[in-house]
Amino acid sequence: MKEGLQAAWPIALGYFPVAVAFGALGAQAGLGYLWIQLTSLLVFAGASQFALVGLLAQGVPPLLAATLGLLLNLRHAFYGPALRPYLKGGPLEAFLLTDEVFALALRALPGLPPGERRGYFLGLGLGAYLSWNLGTFLGALGGQGLLAWPGVGEALAFALPALFLLLALPHLKNPAALLAGGAALALHLLGQTAWGLFLAGVIGFLWPGKGGRP
């Protein structure tokens, strides 16, 4: 686990500012500190959490907001099969699985001895989880003042996409990754981002042989 925790530092650095922004936006939307922190502790899914806060702020019923947030995370259903050859996961591994943890794990796990893979993955996930929750805590307490500075909100929002792009670069030699990324980008440009993510997941899942994995 120690090696995974050490390898999680790029994810932790990327998560922290975004989590600060989430905590600040949650407080700005009128959510209590406890509820903001519980969201990060129990959900641990950035896009879903931002969507949840936005919907609640607009008066959407909590159950409907939670359902929409869950739908946003359906892409994770495609991550498990991709990691399955290297890791026999359970509920804890599924909870700690995020886009960035998946990208780093998919690159590192094949090169590790089978007996070390679970500990490495849990270390990755734990590092990401701790960073996300610490950022949420600090953002909920005092991030609103920070977001009031010109350009700070935009910079925080850019941190996570930049991190994911950096982690995805080593996979660009993989034809399945190129095809899936191209399809997702094309549909995004057509205004169909959700369908693009779905199609990319299907391509990666159905790609024959070892083409879908690095």
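A residue counts as buried when its relative accessible area is under 20%. The exercises below apply this cut-off to a predicted model.

**Exercise 1. Determine how helices and strands make up the protein, and how much of the chain is buried.**

Solution. Begin with the count of elements: the protein has 12 helices and 0 strands, and the order from the N terminus is accordingly written α-α-α-α-α-α-α-α-α-α-α-α. Next take the burial of the chain, where 41% of the 214 residues count as buried. Then turn to the accessible surface, which comes to about 11,600 Å², with 74% of this area belonging to carbon and sulfur atoms. Finally, consider contacts with a separation of 6 or more, of which 73% are made by residues 24 or more positions apart.

**Exercise 2. Compare the UniProt annotation "transmembrane region" with the model over residues 7-27 and 119-141.**

Solution. The unreviewed UniProt entry places this annotation on residues 7-27, 119-141, 147-169 and 176-207. Over residues 7-27, the model is 95% helix and 0% strand, and the C-alpha atoms at the two ends are 31 Å apart. Over residues 119-141, the model is 100% helix and 0% strand, with 33 Å between the end C-alpha atoms.

**Exercise 3. Decide whether helix 8 is mostly covered or mostly open, and place A105 within the picture.**

Solution. Applying the cut-off to each residue, one finds that 8 of the 10 residues of helix 8 are buried, and the helix is thus mostly covered. The buried positions are D99, E100, V101, F102, A103, L104, A105 and L106, a list that includes the charged-letter positions D99 and E100 alongside F102 and L104. A105, which sits in helix 8, has a relative accessible area of 0% and is therefore buried. Leaving aside neighbours within four places in sequence, A105 is in contact with L83, P110, F121 and L124. The C-alpha atoms of A105 and A7 are separated by 9.8 Å, although these residues are 98 apart along the chain.

**Exercise 4. Identify the residues and helices that build the largest nonpolar core.**

Solution. The largest nonpolar core has 32 residues, and those with the most contacts inside it are F44, L83, F102, L109, F121, L124 and W132. Helix 2 (9-28), helix 6 (79-83), helix 8 (99-108) and helix 9 (114-147) each supply at least two residues of this core, and the largest share, 8 residues, comes from helix 9. For L124, once neighbours within four places in sequence are set aside, the contacts are G4, L5, A7, A8, V101, L104 and A105. F44 lies in the loop between helix 3 and helix 4 (46-57), and at a relative accessible area of 4% this residue is buried. The backbone at F44 deserves a separate step, for its phi is near 50°, a positive value in a residue other than glycine.

**Exercise 5. Work out whether I36 and T39 are buried or exposed, and which residues they touch.**

Solution. Both residues belong to helix 3, as is given for I36 and for T39, with the helix covering residues 33-42. I36 has a relative accessible area of 1%, and T39 has 13%; since each value is under 20%, both count as buried. Not counting residues up to four places away in sequence, I36 touches F22, G23, G26, A27, L31, T136 and A140. Within this set, G23 is 13 residues from I36 in sequence, and the C-alpha atoms of the two are 6.5 Å apart. With the neighbours within four places left aside, T39 is in contact with F22, F44, Q49 and L52. F22 appears in both sets of contacts.

**Exercise 6. Establish how the buried residues of helix 11 are arranged around its axis, and what follows the helix.**

Solution. Helix 11 comprises the 15 residues 175-189 and reaches 21 Å from its first C-alpha to its last, close to the 21 Å expected at 1.5 Å a residue. The buried residues in this helix are A176, A180, A183 and A184. Seen down the axis, these residues fall within an arc of 95°, so they line one face of helix 11. A180, A183 and A184 also take part, with I203, in a second, separate core of 5 residues. After the helix comes G191, whose phi is positive, near 85°.

Key: Residues are numbered from 1 along each chain as its sequence is written. This is a predicted model: local features need pLDDT of at least 70, side-chain atom pairs count only at pLDDT 80 or more; totals for chains, interfaces and linings use all residues. Side-chain values use heavy atoms; hydrogens and water are left out. Helices (H or I, at least four residues) and strands (E, at least two) are DSSP runs, numbered from the N terminus. The expected span of a helix is 1.5 Å times one less than its number of residues. Buried means under 20% relative accessible area, exposed over 50%, partly exposed in between (1.4 Å probe, protein chains only). The arc is that of the directions from the helix axis to the C-beta atoms. A nonpolar core is a set of buried Ala, Val, Leu, Ile, Met, Phe, Trp, Tyr and Cys residues joined through side-chain atoms within 4.5 Å. Contact means heavy atoms within 4.5 Å. UniProt positions are given in the numbering used here, feature names are shortened, and annotations may be inferred rather than shown by experiment. Accessible areas come from the Shrake-Rupley method with a 1.4 Å probe; for residues, only the protein chains shown count as cover.
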